Amino acid sequence: MATSFAAKVLVVGIDGVRWDTLHRAQTPALDAITARGFRAPVQVHTAGPTISGPCWATIATGTLASTHGVLDNENPPDAMPADFLTAARGAGFRTYAGASWPAMLSPVDCGPIFAPDARMTVAADPGHRLDAWDTADQLVVNEACEALADGEIGAAFLYFGVADEVAHALGVGPEYLAAIEACDRRLGAVIDGIGALNGQGEWTVIAVTDHGHVDAGGHGGDTPEERTAWITACGPRMPRESPARLEQADVYAQALSVLGLPVEPDRFARPFGAR
Ligand SMILES: [Zn+2]
């Protein structure tokens, strides 16, 4: 490995958090990441719709929808390019994944976005019950803190879904703000649980959303509120200024870069700051 210490990367996906709403919420965990690195808006690439499955597939595989083939939340493509956890495992790293939306990790709906692995937690499908999404997100946190405690995991991906579900049900009002804050508390619990920001310099943390929402709740269209996603990240050698050009796909390349792994030249993704 090119790194001189045990570099690790944690990617936390928080579904459907609008860029402008993010700044109205109280999010100390996300703020702590930003204070140690950068936070930037990212436009969902026009090759794909502002729909969860296509956006997460781009983040996971570093390719656009025209390549990975996830075009909606219902239909999986015949084959997916390898996600960054699979690539990390191929290079000998242990990985972990946890998600409250089963399609992220299992062959339901448009999934799996990440190839299933022995070390993962998939919540029972919460359907459209908001309390079930809260429970499922919390399960992801609890299991992640346990799974990451032994220090053997080199790359992890976690997914929280309650904020998106609340926006769909109730619009982007106070309940949505509260749900974003709940996601932030859960992110904070994981970060604290593994000591990710304690200054020892082994963890890179990347938090990312897939798309925004219209005021009434809902997405899939091309308004700025739906197209504008964001990334915040910190870690050893992370840029302290927002990269001039940034794509959701770049999460893939940055995750591999942290681990000292090459990014295939034919992937759309580039490490942060390398465009
Ligand atoms: Zn989504």
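Visitor: Which residues of helix H8 are buried?

Guide: In this predicted model, the buried residues of H8 are Tyr176, Ala179, Ile180, Cys183, Asp184, Arg186, Leu187, Val190, Ile191 and Ile194. The arc they cover around the axis is only 160 degrees, which puts them on the same side of H8.

Visitor: What makes a residue such as Tyr176 count as buried?

Guide: The test is a count of neighbours: a residue is buried if 20 or more other C-beta atoms lie within 10 Å of its own. Tyr176 is listed among the buried residues of H8, so it meets that cut-off.

Visitor: How do you know that the length of H8 is close to what is expected?

Guide: H8 spans residues 174–194, which is 21 residues. The expected span is 1.5 Å times one less than the number of residues, and for H8 that comes to 30 Å. From its first C-alpha to its last, H8 reaches 31 Å, so the two values are close. Just after the helix, Gly195 takes a positive phi of about 65 degrees.

Visitor: Why are H6 and H8 called roughly parallel?

Guide: Helix H6 covers residues 130–148, and H6 packs with H8 at an angle of about 10 degrees, their axes 9 Å apart. Angles under 35 degrees count as roughly parallel, and H6 and H8 are therefore roughly parallel to each other. On the H6 side, the contact is made by Asp134, Asp137, Gln138, Val141, Ala144, Cys145 and Leu148. On the H8 side, the contact is made by Ala182, Cys183, Arg186, Ala189, Val190, Gly193 and Ile194.

Visitor: And what makes H6 roughly antiparallel to H7?

Guide: Here the axes of H6 and helix H7 (residues 162–170) cross at roughly 170 degrees and come within 9 Å. That angle makes H6 roughly antiparallel to H7, as the label applies over 145 degrees. Leu130, Trp133, Asp134 and Asp137 in H6 meet Val162, Glu165, Val166 and Ala169 in H7.

Visitor: Why is H2 called oblique to H8?

Guide: Helix H2 (residues 28–36) packs with H8 at an angle of about 60 degrees, and their axes are 7 Å apart. This makes H2 oblique to H8: roughly parallel needs an angle under 35 degrees, and roughly perpendicular begins at 65. The residues that meet are Pro28, Ala29 and Leu30 in H2 with Asp184, Leu187, Gly188 and Ile191 in H8.

Visitor: Let's turn to the sheet. What is the order of its strands?

Guide: Seven strands form an open sheet, ordered E2-E7-E6-E1-E5-E3-E4, with mixed pairing. E2 and strand E4 (120–122) are the edge strands, as each pairs on one side only. From one strand to the next, the twist averages 15 degrees.

Visitor: What makes the pairing mixed?

Guide: Both senses occur in the sheet. Strand E1 (residues 8–14) and E5 run parallel, joined by six bridges, and Val9 stands opposite Ala155 in E5. Strand E3 (residues 94–99) and E5 also run parallel, again with six bridges, and there Ala97 stands opposite Phe157. Strand E2 (residues 38–43), in contrast, pairs with E7 in the antiparallel sense over six bridges, with Trp230 in E7 as the bridge partner of Pro41. Strand E6 (residues 203–208) and E7 run antiparallel too, joined by four bridges. Within that pair, Ile206 has Ala233 as its bridge partner, and Val205 stands opposite Cys234.

Visitor: How do you know that E7 is largely enclosed?

Guide: Six of the seven residues of E7 (residues 228–234) are buried, so the rest of the structure largely encloses the strand. For strand E5 (residues 153–160), eight of its eight residues are buried, and the strand is mostly covered.

Visitor: Why is helix H10 described as largely enclosed by the rest of the structure?

Guide: Nine of the nine residues of H10 (residues 250–258) are buried, so that description follows. They are Asp250, Val251, Tyr252, Ala253, Gln254, Ala255, Leu256, Ser257 and Val258.

Visitor: What covers the buried residues of H10?

Guide: The cover includes strands E1, E5, E6 and E7, together with helix H3 (52–61) and helix H5 (84–90). Just after H10, Gly260 takes a positive phi of about 80 degrees.

Key:
Residues numbered from 1 in each chain as written. Predicted model: local features only at pLDDT ≥ 70, side-chain atom pairs only at ≥ 80, totals over all residues. Helix = DSSP H or I, 4+ residues; strand = E, 2+ residues; numbered from the N terminus. Buried ≥ 20, exposed ≤ 12 C-beta atoms within 10 Å, placed from the backbone. Arc of directions from axis to C-beta. Pairing = 2+ DSSP bridges. Axes fitted to C-alpha atoms, helices over the stretch in contact; angles between N-to-C directions. Parallel < 35°, antiparallel > 145°, perpendicular 65-115°, else oblique. Contact = placed C-beta atoms within 7 Å.
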